[in-house]
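Open the model in your viewer and show it as a cartoon, with side chains hidden for now. The stops below say what to select and what is there.

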Amino acid sequence: MWQTLIYSLIGGAALLYALYSWVIPSIVQYHPDLALIWHDRFVQQVLNTLTQSTRPQRLLAAVQKDATRGDPRSVVQAIDHFCRQKEWAMNVGDEKGRILDSVVSEVNPGVVLELGTYCAYSTVRIASLLPPHARLITLEFNPDYAAVARQVIAWAGLEDKIQLVVGASGDWIPKLKEQFGVKTLDLVFLDHWKDRYLPDTKLMEECGLLRKGSILLADNVICPGTPDYLEYVRNSPRYKSQYFKSHLEYTKVEDGLEKSTFLG
């Protein structure tokens, strides 16, 4: 009887492990709503409870374990490995990250604004490609995310290129000229709350932060989606817009980046 019970428990545990590790992830990676619910709600909460830590803290531990201090590319690779092999996270990801890299290299910006730092994955990607004397200002609303991001940036050795500011984008955008001596922005990477893309874009216009030729690059325009923002930049005579089709970070769900050039 005990032997049967033990075999049943082992079999049940193996089945649950298979469902958790392979079966469910394989199914949800093609479905936008299911993918976000599974990774961002269920798995995250389970691991938070089991490990008594947060996803950003676990990501930071992976960076400190696997990345070479002072090597930005190894930091990016360590985060990508963590997100593909261990635990999904809401970075721009490796696939869309290559599009981000190409835009940064093309623009060769002197001043970059990033809206939404999270754990500094895209921050590190951008800053590592900037020319000498260029700078990146990155805004993060969540102080816990910002605390982790500072450590990731330090591990990458990029503190001299990055200014991380904690607070709401709507509060800080009007202060950029006065507080940081910004005249205009060469490149803006939008990857924060999706319902803030449009109001923050209009706020940057009102504050005179966009010049003719300024580039806005927006992530997650399909999943979870930013329909009001897309409607605006694709139909406004002030922008020339281009969509780069890709996938939601570390899944097969369609997503993409919208590159919009401000025409004045």
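The tour of this predicted model goes from the sheet to a helix, then to salt bridges and cavities.

**Stop 1: the sheet**

Begin by colouring the strands of the open sheet, which has seven of them in mixed pairing. Read across, their order is β3-β2-β1-β4-β5-β7-β6. Select residues 162-166 for β3 and 239-247 for β6: these are the edge strands, and each has a pairing partner on one side only. From one strand to the next, the twist averages 15°.

Now zoom in on residues 111-115 and 135-140, which are β1 and β2. The two run parallel and are joined by five bridges. To find one position in this pairing, select L113, whose bridge partner in β2 is I137.

**Stop 2: helix α10**

Select residues 197-206 to bring up α10. Which strands does α10 lie across? The answer is β1, β4 (185-190), β5 (210-218), β6 and β7 (254-262). Its direction makes an angle of about 165° with β5.

Show the side chains of α10 next. Seven of the ten residues in α10 are buried, so the helix counts as mostly covered under the cut-off of 20% relative accessible area. The buried ones are Y197, L198, D200, T201, L203, M204 and E205. Step just past the end of the helix to G208, where phi is positive, at about 70°.

**Stop 3: a salt bridge from α10**

Stay with E205 and add R238: their side chains form a salt bridge, 3.4 Å from N to O. R238 sits in the loop between α12 (227-235) and β6, while E205 belongs to α10, so the pair ties together parts 33 residues apart in sequence. Are the two partners buried or exposed? R238 is partly exposed, with a relative accessible area of 33%, whereas E205 is buried at 16%.

**Stop 4: K96 and its two partners**

Select K96, E249 and D255 together. The side chains of K96 and E249 meet in a salt bridge with an N to O distance of 2.7 Å. K96 is in helix α5 (residues 93-107) and E249 is in the loop between β6 and β7, so this contact ties together parts 153 residues apart in sequence. D255 also forms a salt bridge with K96, again at 2.7 Å from N to O. Because D255 lies in strand β7 and K96 in helix α5, that pair ties together parts 159 residues apart in sequence.

Colour these residues by accessibility. K96 counts as buried, with 0% relative accessibility, and E249 counts as buried at 3%. D255 is buried as well.

**Stop 5: a salt-bridge network**

Clear the selection and pick D40, R55, R58 and E87. Salt bridges link these four residues in a network. Across the whole structure, a search finds 16 salt bridges.

**Stop 6: the cavities**

Switch on a surface or cavity display for the last stop. Rolling a probe the size of a water molecule over the atoms shows where empty space is left. How many cavities of 30 Å³ or more are there? The count is two, and the largest cavity has a volume of about 50 Å³.

To see the walls of the largest cavity, select M90, N91 and V92, then G116, T117, Y118, C119, A120, Y121 and S122, and finally D191.

How values were computed
Residues numbered from 1 in each chain as written. Predicted model: local features only at pLDDT ≥ 70, side-chain atom pairs only at ≥ 80, totals over all residues. Heavy atoms only, no water. Buried < 20%, exposed > 50% of the residue type's maximum accessible area, 1.4 Å probe, protein only. Helix = DSSP H or I, 4+ residues; strand = E, 2+ residues; numbered from the N terminus. Pairing = 2+ DSSP bridges. Axes fitted to C-alpha atoms, helices over the stretch in contact; angles between N-to-C directions. Contact = heavy atoms within 4.5 Å. 1 Å grid on protein atoms, 1.4 Å probe; cavity = no way out; pocket = protein on both sides within 12 Å on 5 of 7 lines; lining within 4 Å. Points joined across faces, edges and corners; volume = space filled by probe spheres on them.
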